[in-house]
Amino acid sequence: MLRIIFLCVAALAVAAHAQTYPIKPIRILVPVPAGGTADIFARMLAPAMSNQLGQQLVIDNRGGAGGLIGTELAAKAPPDGYTLMMCSQGPITIVPHLQKNVPYDALRDFTAVSLISAGPYLLTTQPNAPFKTIKELIAAAKAEPGRISYASAGSGAPNHLASEQFKAMAGVNLQHEPYKGAPQAVTDLLGGHVRLYFGSIPPLVAHIKAGRLRALGVSSAKRTHQVPDLPTISEGGVPGFEFYSWFGMLAPARTPRPYLQRVHEVLMKAMRAPETTSQFEAQGADPVGNSPEEFAAFIKREYDTNARLVKTAGLRVE
């Protein structure tokens, strides 16, 4: 009886506090360096959410270790409604299958808020690359096994898995060059230090339009409206190839539900605001927005799918 009374009192206290939540700034942990796609989305959404909540949303970039550093901080943060995380699938649904002793449980240590965006990758290279199509790339890679390098945002990052899937399906040997985040990988790609890079559209679209990079193919099953003339990788010479990147918002497990409902409410309004929609479009991204329950189910499906991909590819990161 005392336990029931205590729980009822605690629930009433949380409900009362939710009427005034938030009473201080909220931190959005971003487990990638500034300039990465997750960082871009967090900075796009934070101002509109701040205006609704009446409190500042502070972006806290904690990149490194394929996203593990920032993700561990989010998992171990107090579940008080004042820590959120803008994540990609890497540290949530890929890295746990790639290495031992991941310092969090991806399915138990977080509460889903919403899927923010989901879209394909572009396979890119320099304009002066000796290959201009997927078929030419495959021929060049087979002629010189292991000579062509590809960048990733880190071992275990989603574009690492996309690249390994491409290698396996195309039957080629490429040299992996892991970086500490997407911005560094793109910088070295622009400088010609690596030859290939799978990246989500937002950070790459300006470079492609300016002629600084060449897109070889898109990883979706069908051509994307952002670059409608670009063939899919499947069309280009790797039948059946398909890979998507996604980004979403999570909170530490056991964050009070009234707080999560408030965050979800303002996030949906921010995503649907005309000015935010135009920002997504300018970045070549499509906003999604769904319920916490739908996002949680999506994460579980992705977790199981990537477990099979990692096992099939025989990947392991020590």
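Q: What makes β1 and β3 a pair of strands?
A: β1 and β3 are joined by 3 bridges and run in the parallel sense. Two strands pair if DSSP finds at least two bridges between them, so the 3 bridges of β1 and β3 meet the cut-off. One contact to look for is Ile28, which stands opposite Leu84 in β3.

Q: How do you know what kind of model this is, and how its residues are counted?
A: This is a predicted model, in which local features need pLDDT of at least 70 and side-chain atom pairs count only at pLDDT 80 or more, while totals for chains, interfaces and linings use all residues. Residues are numbered from 1 along each chain as its sequence is written, and side-chain values use heavy atoms, with hydrogens and water left out.

Q: What makes a stretch such as β3 a strand?
A: Strands are DSSP runs of E with at least two residues, and helices are runs of H or I with at least four, numbered from the N terminus. β3 covers residues 83-88. It also pairs with β9 in the antiparallel sense, over 4 bridges, and Cys87 has Gly248 as its bridge partner in β9.

Q: Why is β3 described as mostly covered?
A: A residue is buried under 20% relative accessible area, exposed over 50% and partly exposed in between, using a 1.4 Å probe and protein chains only. In β3, 6 of its 6 residues are buried. Thr83, Met85 and Cys87 point one way, while Leu84, Met86 and Ser88 point the other way.

Q: What makes β7 largely enclosed?
A: 5 of the 5 residues of β7 are buried, so the rest of the structure largely encloses this strand. Leu196, Phe198 and Ser200 point one way from β7, and Tyr197 and Gly199 the other way. On the pairing side, 4 bridges join β7 to the antiparallel strand β4, with Leu122 opposite Gly199. A further 2 bridges join β7 to β5 in the parallel sense, and there Ala151 has Tyr197 as its bridge partner.

Q: How do you know that the structure holds a cavity?
A: Here is the idea: rolling a probe the size of a water molecule over the atoms shows where empty space is left. On a 1 Å grid over the protein atoms alone, a cavity is a set of points where a 1.4 Å probe fits but cannot get out. Points are joined across faces, edges and corners, and the volume is the space filled by probe spheres set on them. The search finds 1 cavity of 30 Å³ or more, and the largest has a volume of about 350 Å³. Lining residues have an atom within 4 Å of a point. There are 29 of them, and the closest to the centre are Val32, Ser88, Ala153, Pro158 and Ala182.

Q: Why is the Phe41 and Phe247 pair called edge-to-face?
A: Rings of Phe, Tyr and Trp (its six-membered ring) pair if their centres lie within 6.5 Å; planes under 30 degrees apart count as stacked, over 60 as edge-to-face and the rest as tilted. The centres of Phe41 and Phe247 are 5.5 Å apart and their planes stand at 80 degrees, so the pair is edge-to-face. Phe41 sits in helix α2 and Phe247 in strand β9, 206 residues apart. Phe41 is buried at 1%, and Phe247 is buried at 8%.

Q: What makes the Tyr121 and Phe243 pair stacked?
A: Their rings are 5.8 Å apart, centre to centre, with 15 degrees between the planes, and that angle falls in the stacked range. Tyr121 lies in β4 and Phe243 in the loop between α9 and β9, so the pair ties together parts 122 residues apart in sequence. Both rings belong to a cluster linked by ring pairs, with Phe166, Phe198 and Phe241.

Q: Why is Asn101 called exposed?
A: Its relative accessibility is 76%, so Asn101 counts as exposed. Asn101 lies in the loop between α4 and β4, and its phi is near 60 degrees.

Q: What makes the phi of Arg254 stand out?
A: Most residues other than glycine have a negative phi. Arg254 is not a glycine, yet its phi is positive, at about 75 degrees.

Technical notes:
On a 1 Å grid over the protein atoms alone, a cavity is a set of points where a 1.4 Å probe fits but cannot get out, and a pocket is an open set with protein on both sides within 12 Å along at least five of seven lines; lining residues have an atom within 4 Å of a point.
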